[in-house]
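Here is a short report for a reader meeting this structure for the first time. Keep the view open while reading.

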Amino acid sequence: MNPVSLFMILVLVMVNCNKKDLDLTNPNNLSVQSFWKTADDAEKGLVACYGPLTTIQGWGRMLGALLTIQRGDDVNPFPFPAVNDPGTFSTVSSDGRVNEGWTELNAIVARANSVLFYVPDISMDDTRKKQILGEASFLRALAHFYLLNMWGNIPLITKPIESLDDLFIEQAPQADVWASIINDAKNAQAALPETVDPKDIGRATWGAATALLGKALLFNKDWTGAAAEFKKIVDKPNLYKLVTNYQDNFLASGNNNSESVWELQYQSTPNGNWGTSGTANPLRGQGWESDVAPVGYTSQGSVSVNKWVYDLFMKQKTKDGKIDPRAYATIIWNYPGAKVYQDDFAKVMTGANLNNFWVRKYLNFDRESASVPGSWGYPNNNRRMIRLADVLLMYAEAINEASGPNAQAYAAINAVRARAGMPDIPAGLGQAAFRTAVRDERVLELSLEGDRVFDLLRWGNMAATFKAHPEYRSNSGAVFVEGKHEYLPIPVNDIGANPKLKQNNGY
Amino acid sequence: MKIHINRLLHIPKPMRNIFIFILLLTAGFGSAFGSGAARDVRGQVKERNGGVLPGVSIVVKGTQRGTVTNEKGEFTLDVQPQDSVLVFSFVGYQTLEEPIAGRSQFSVELAVEDRSLNEIVVVGYGSQKKADITGAVSSVKGSELKAVSAGDASSLLQGRMAGVVVQNGGSAPGQAPAVVIRGTGTFGNDQPLYVIDGMITNSMGFVNPNDVESIEVLKDASAAAIYGSRAANGVVLITTKSGTSGDIKISLNVKAGIQTPTKKLKFLNARQYANWNNLAHDNDGLPRAPGNDAQFNPAIDTDWQDLSLGSAPLTDYNLSLSGGGKNAKFFISGQYFDQKGIVVDSRFKRYNLRANSTFTKGKFKFTESLSASRSVNNPNTYFGRETGELPTMPVYDASKKGGFGGLEPAFAGVSRVVNWYGAAKLNDNLNTNDQILGNIGLEYELLKGLKYKMNVGLDYGVNHSYNFTPAFFFSGSIEAFNDAADLSENIIRNLTTLIEHTLTYNKSFGDHNFELLAGYTSQTGTARSLGAGATDFPSDGLSVVNAALNRNVNTTGDLQEFALQSVLGRLNYNYKSKYLLSATIRRDGSSKFLYPKNTFATFPSFSLGWRVSEEAFFPKGAVVSDLKLRGSYGTLGSQNISNYLTSSVLNVNTDYYFAGGVQPGIGLTNFSNPDIKWESTKTTDFGADVSLLNNAINITADYFNKKSFDILANIPIPIYGGAGSTITKNAATINNRGFEMAVTYNHSAGAKDDFKYSLTGSFTSIRNRVISLGDGVTPITGGGFTQQSLTATRTDVGQPVGCFWGYEVLGIYQTTQEAIDDGRPEARAGDFKFSKNQTWLGSPFPKFNYGLSGNGSWKNFDISLFFQGVSGNKIWNAKRFQHILDYGSNKFPDVLRSWTPQNTNTDIPRVSQNDPANNKRSSSFYVEDGSYLRLKNITIGYSLPQSVLDNAKIASARFYISAQNILTFTKYSGYDPEIGRNSSTAYQSGLFSNGVDIQAYPNAKLVSVGVDLTF
């Protein structure tokens, strides 16, 4: 045989022996192209929008406490580098915790964008389709609401990212983001049912969308519009009513009670993994307990409560002459019989700690401490994102700001007070006096629930408050810089990646 | 079925021409020859005026066919009718050429003279005479590696070869070291490719060092190009032993030793610690913790280091059988290696079995190499963890679940306190790795000089990890309790198969010698994993998933597949063995890239050599007895990346818990980059091989310049896109250039002098620089060394990969006013004064690495010494964070000289737990000189004299005593300067954690005795 032919034949034989394809597809995951075809895809795509809410980086911890509760003037965070920095006004744009909150909220936006873009074209039951789009609209409005009020200047994306160029955009004017939030909330309100099946509790409802819409209008000082939305909720006494025992709102045993308009559903996950939504078996519990629990009962830096909150509670007694019961449900101090978890407060607290004020609200005293048993993912004491008492107080506030106090405004604030056994506020208050009454009531009713920082922001008195009261940050000696600390820094990754972004003032 | 031959052969035109040229040459020359009958020749080789010489290379001149002599100096070799001359060569002896002249029996004597140039060196897909090699190849004999004991065979390469840097990571038993050949040229995996007897794999850790015949490292583009797509990090070729004809030889090696820590650190006692903690609270204006003050218990003073570190045995048994007849040869061996760690509750065991054989029948040659191994690793992952063991904590407490003591954080005055010793004792952590690796080669001589070879290989492994933690309670501190026993198990089963077809052709026309190689290879791999977790066991004695009450925890599973197809060709040409040329081309297709756009890539290289000493003008008998100059240039590739990086996929872990339970979610969580392509490295190498003083001294020196480009880096994208913060892109460029040299001196003065010795030194100096990171890539931060997210390294343009980065400590403020004036209102007297900005604080890469080994023998005694060292590198000593500045662990005595208003002349800042001035930040406080020189090994052996052996009917018997790591010169204050890359599971590891000492094991001194017997 001719050696040249022999050689060539052999080479061809060698090559042809091989059948293994070099075009391999990933067998572990669905490809993007094959998704968004069925009703089931729509449901799963929607659930993914909820996914980030309760991770450790979401309201499981970072959004739950470090980026919200700890920034209020009701608490006084201890210095704890790389953790408590937002609350001690020492955060920088590379702060991992800030980045994590930003990540989870934006994940909600991106996933909701996909639902709102793809689901309309899926052929499925129209009733359910409408609800799915409503839920996604609500979640996008919610995520944008927090992004805007925490970071101030954000890019506004309302479509799925198709090419990387879609990402490199400028920040949107605040008014544009508000318009998107209000539009989304209205769409959600129109699409969502008043109630859901027991197994679906935690999904967005008409009430959740209405309250969020009202809140967005309130933040925009559209007092009449806000009042009209809150009224819709207040006018449905069979849908929502205040619970008798105030503290039930902050105990796992009171999860999803009649006062709750919308709450995050924590799942006890002691064996969960630390990670954002997308991590297998993530921690999905109330991990932020450690960031507010009294010293000695937490592994974290945590906070104490500022004395002015206590003083406000002591200012007025209940109708039968007792301390406002909400005080006991909100804070711990050295009173007879005071407990800190399962211990006697007076026995375990020493020195300055004994005379200090500590967080009680949302702590789970059936545990031994904020970490025992079960550590981060253990407690399933739901976060009440919007409850009727808050709606009532916002309603009173909106009416008062629109046209001064009227009977409905009085009724609303007094309903909240009556539940706690507190006497009605004095009749015949002027607009300013009523404003003070509502604002004080918000402290008594809502402190340590994470809304204080947003109240200060919308009232425009955050800088003035911290400037007038450096003792609100005595644990850390932190100094509030006006025009800076109202907002968090845009994460350094995004500033670096997209030169069109402008960093927030001061960072 | 898709066949990719068209694409594979779609080589850029000039290269295609070269390739076709090679094919045609191969085919064309084949026609010139007919076939003939082979026959056997046999014989014995002796030293002139001396004994028999085992290990002598015998090659048929002008071919690559050859063999080596056995223990008795005997050999058998097939010769073809046209073969005319046999070439006998052996290290330290003059090469001898013997005409065959029809003889079948040879009795040859070799004169003592150092002449290593005719040794056969294994190269990719073949072997070459050392004299003819034009690429940069380092070679080491298995016999030189055996003295050092290590659980992972790759650590034996340390200091042996120029350009090959091996970093051991402490002495954790079974710990795989990092092996870097000529510098890191990627941000991904920088470990070399391993080829064991022709089977391509990614580790040599499981290899029994006693089985190794030789290890060759292909360093430059020319040498490594034949492995094109995966050769950018260098290629390590391991050749295991094969049998030799003759009597069956049984060899038994037994070694037993005791390891002790090279060093222990000094810590405070309980009272000193409590005082420190009280001072911290006083300084911070906080009430003292009761456990350190009013309720301090003087009865407790625990020395955790003493409990956790001790002496540990090491044993190594090895048995081998080898032999064979004319047409069949075999080598069978077994090993049992058992190393307990000097750190409590750690142990590594390895079982090895190897069967190699060779069969010839007519024109067929069949080779088989198979190894089966099992390693069982029981690491202690708790040793040295931060924020843990305080001397005020009792070791045991029978009243607590688990039986170990603990402290409540509030009582102890720290935020976290964990009995890591108890955790290690309670936790059962076992990693079992079973591996079968082998290949079958079938060789057939088609025509005279034209050989076809098929090589079929497999690498099959099952890795099982098992981790059981019973329920325990030390205290309420984070990580100090486990409510319910938990178990996690994971199994990964992987199979990689390799099929290679090669054609080689050898031909000489007068003084023109050609060797051609063409081949096709295909490798595919599949790895499937399955993991399960379970919690809540009715009894701690039950630790299988089925026994658990809750089995629905962390079930995982994954399937990974890859395929690689290549065509390759090589031409070696020399004229009179004086002018040498080698050209190689390889085209690869990989499944890791988008098909078909980026699947294929071509990697060419060429090299030239000039043996100056063969020229007529070169003076004979001068100081320089042999001189070869070499130069090479070529491109190598790397595809050491994960599978499926190019396709966007949806994440099924985006579910949510509603009141009625978890509902499934599916969302996009990462953007992928479909445009990812091969990383490439262009290497230029200039080298010289010089022999001096009649070859008593051999020097190999190389300068290389290696430019790696299209390096995959993670480019940041805005997080607000909702799908991650980075996208992978071919972006960065890294340059490694350096100088390396190996020098060998052989003193063997012949028969009248009983004293023989040789010295070998290696020296490597590499300069690693990031040339560019690519558009939009921000410097890479790495080397996280605490749970507080502090990092040690940064990778940026103009600096080495993973360089230390932080603030420079400029001193200590003596007054608070000083700090205020400095713009540091949060700081006060006693706090560190830092540089204004962060800066480069040193490189973890040594300026140079070196090794020096000496082997000598006198009568029946032998001695070997091996020194190894690095110079000019820095270590980030995170222990100084843990034990000086941070609050959660016991303290070094350094804190006794902390700044106080009374003690102002000091380098240790004031004591504070709150640390408002952030003294703990990443700074030069943690950076230390990491240079060391270490006597790695000294072995003294005695072989029984022949007369005794004859009576005992033993072929040879040698007894030895060996000591490892017994002498170390270093200024490093941590446990050990050999820390490598952080391998701890709790922190970042790998490339960007190079030189960061977080919880490295101390190294072990090993003193052992052993015996080598052959029958």
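## A starting point in chain B

Begin with Asn730(B), which sits in strand 38 (residues 726–748) of chain B. The model is a predicted one. Is Asn730(B) buried or partly exposed? It has 19 C-beta neighbours inside 10 Å, and burial takes 20 or more. Asn730(B) therefore counts as partly exposed.

Which residues does Asn730(B) touch, leaving aside neighbours within four places in sequence? They are Ile676(B), Lys677(B), Glu679(B), Asp710(B), Ile711(B) and Leu712(B). Val376(B) is 354 residues from Asn730(B) along the chain, and 38 Å separate the C-alpha atoms of the two.

## Where the chains meet

The contact between the chains takes 89 residues from chain A and 85 residues from chain B. On the chain A side, six elements give two or more residues each: helix 1 (3–16), strand 1 (30–31), helix 2 (39–50), helix 4 (96–118), helix 12 (351–354) and helix 18 (492–497). That side of chain A holds 39 nonpolar, 38 polar and 12 charged residues.

Strand pairing also crosses between the chains. Strand 1 of chain A runs antiparallel to strand 32 (residues 649–651) of chain B, and 2 bridges join them. Within this pairing, Ser31(A) stands opposite Val649(B).

## Strands of chain B

Strand 15 (residues 212–218) of chain B is mostly covered, with 6 of its 7 residues buried. Strand 10 (residues 137–141) of chain B is joined to strand 15 by 5 bridges, in the antiparallel sense. Strand 16 (residues 235–240) of chain B also pairs antiparallel with strand 15, over 6 bridges. Glu216(B) takes part in both pairings. Its partner in strand 16 is Leu237(B), and Ser139(B) stands opposite Glu216(B) as well.

Elsewhere in chain B, 3 strands form an open sheet in the order 49-48-52, with mixed pairing. Why is one side of strand 49 (927–929) and of strand 52 (996–997) left without a neighbour in the sheet? Both stand at the edges, and each has a single partner strand, so one side of each stays free of a neighbour there. Strand 48 (residues 874–877) of chain B runs antiparallel to strand 49, with 3 bridges between them. Trp876(B) stands opposite Val927(B) in strand 49.

## Two domains in chain A

The domain assignment divides chain A into domain 1 (37–263 + 274–290 + 380–471 + 479–497) and domain 2 (291–377). Taken over C-alpha atoms, the centres of these domains are 25 Å apart. Their contact takes 39 residues from domain 1 and 33 residues from domain 2.

On the domain 1 side, helix 3 (62–66), strand 2 (75–77) and helix 15 of chain A each supply at least two residues. The largest share, 4 residues, comes from helix 15. In all, this side of domain 1 divides into 21 nonpolar, 10 polar and 8 charged residues.

## Helix 15 of chain A

Helix 15 spans residues 431–446 of chain A, 16 residues in total. From first C-alpha to last, helix 15 reaches 22 Å, close to the 22 Å expected at 1.5 Å a residue. Just after helix 15, Leu448(A) takes a positive phi of about 65°.

Which residues of helix 15 are buried? They are Phe434(A), Ala437(A), Val438(A), Glu441(A), Arg442(A), Val443(A), Leu444(A), Glu445(A) and Leu446(A). Their cover includes helix 9 (307–315), helix 10 (325–330), helix 13 (388–403), helix 14 (407–419) and helix 16 (452–459) of chain A.

## The nonpolar cores

In soluble globular proteins, nonpolar side chains tend to be buried together. The largest nonpolar core here has 134 residues. Those with the most contacts inside it are Phe138(A), Leu139(A), Ala209(A), Leu212(A), Val391(A), Tyr395(A) and Ile413(A). Helix 5 (residues 126–151) of chain A gives the largest share, 13 residues. Domain 1 and domain 2 of chain A both give residues to this core, so it lies between them.

Beyond its neighbours within four places in sequence, Ala209(A) is in contact with Phe138(A), Ala185(A), Ala188(A), Gln189(A), Leu192(A) and Ala204(A). A second, separate core has 76 residues, including Leu314(B), Trp805(B), Val911(B) and Val927(B).

Key. Residues are numbered from 1 along each chain as its sequence is written. Chains are lettered from A and ligands numbered from 1 in the order in which they are written. This is a predicted model: local features need pLDDT of at least 70, side-chain atom pairs count only at pLDDT 80 or more; totals for chains, interfaces and linings use all residues. Two residues are in contact if their C-beta atoms, placed from the backbone, lie within 7 Å. Ala, Val, Leu, Ile, Met, Phe, Trp, Tyr, Cys and Pro count as nonpolar, Asp, Glu, Lys and Arg as charged, and the others, Gly among them, as polar. Two strands pair if DSSP finds at least two bridges between them. A residue is buried if 20 or more other C-beta atoms lie within 10 Å of its own, exposed if 12 or fewer, and partly exposed in between; C-beta atoms are placed from the backbone. The expected span of a helix is 1.5 Å times one less than its number of residues. A nonpolar core is a set of buried Ala, Val, Leu, Ile, Met, Phe, Trp, Tyr and Cys residues joined through C-beta atoms within 7 Å. Domain bounds come from an automatic or database domain assignment.
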